[in-house]
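Student: Could you take me through one helix of this model closely, and then show me the packing around it?

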Amino acid sequence: MPHTTPALVLASSSRSRRALLDRLQMPYECCSPDIDETPREAETPHQLVHRLALSKANAVAERFNDHLIIGSDQVAVFEGDILGKPHTSERAEHNLNRFSGQRVTFLTGLALLDTRHQSHRVHVEPFEVVFRQLSREEISVYVAKEQPLDSAGSFRMEGLGIALFERLEGHDPNALVGLPLIALCSMLRQAGLDPLGSNLPQGD
């Protein structure tokens, strides 16, 4: 008997994305994709996050044939540079020193792949951050305390990173954490899975 409600999969190992998806109170599985995130030659930031979000969903699709799979990817864009995860404290401090007193654009790609019908939707959510004037000591303290080495932009907005900012500008602040929930809810409704639906299966 076919499922009346599609099962949901998050193609990510990110704790931040899991915490965001948990807010929708829907049961889901996590599956970590294994893809090359290197930008292609002449690829724009918008094209990059669009491609990687969909690639992450596609990377786990063979394991789930009756599901909705969420893929997401994020980059920071500053002075023409595409900045992903810093991976080291030195790179994180270097990025934050560049950002001090400046405006930085974040692009978050969101893909929803429906393996029942072999169809997909992709959305790219922009969000801008204006950083305070930061001293080198503040930056060193922040990086030492929070170790934001796996976060695009070298900070965690949902944590101590909020102390770095003068203001935030955008449609959905969840996008800055890594998963634009407003757009995701819209995509899920279009695919037949309403977070507020009365027939939604309940988690444990």
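Tutor: Happy to; we start with helix H4 and then turn to the nonpolar cores. Keep in mind that this is a predicted model.

Helix H4 covers residues 136-146, and its buried residues are Ile139, Tyr142, Val143 and Glu146. Looking down the axis of H4, you find these buried residues within an arc of 95 degrees, so they line one face of the helix. That fits a general rule: an α-helix has 3.6 residues a turn, so residues three or four places apart point the same way. On the face of H4 turned away from the buried side sit the exposed residues Glu137, Ala144 and Lys145. Helix H3 (89-99) is included in what covers the buried residues of H4. Just after H4 comes glutamine 147, with a positive phi of about 50 degrees.

Now for the cores. The largest nonpolar core has 41 residues, and Ile70, Phe131, Phe155, Leu184 and Leu188 have the most contacts inside it. Helix H6 (residues 181-190) gives the most to this core, with 6 residues. A second, separate core has 9 residues, including Val9, Phe64, Ile69 and Leu113.

Phenylalanine 131 deserves a look of its own. Leaving aside neighbours within four places in sequence, Phe131 is in contact with Leu96, Phe99, Ser100, Gly101, Gln102, Val104, Phe155, Leu164, Phe165 and Glu166. One of these partners, Phe155, is also listed among the residues with the most contacts inside the largest core.

Notes:
Residues numbered from 1 in each chain as written. Predicted model: local features only at pLDDT ≥ 70, side-chain atom pairs only at ≥ 80, totals over all residues. Heavy atoms only, no water. Core = buried A, V, L, I, M, F, W, Y, C linked by side-chain atoms within 4.5 Å. Buried < 20%, exposed > 50% of the residue type's maximum accessible area, 1.4 Å probe, protein only. Helix = DSSP H or I, 4+ residues; strand = E, 2+ residues; numbered from the N terminus. Contact = heavy atoms within 4.5 Å. Arc of directions from axis to C-beta.
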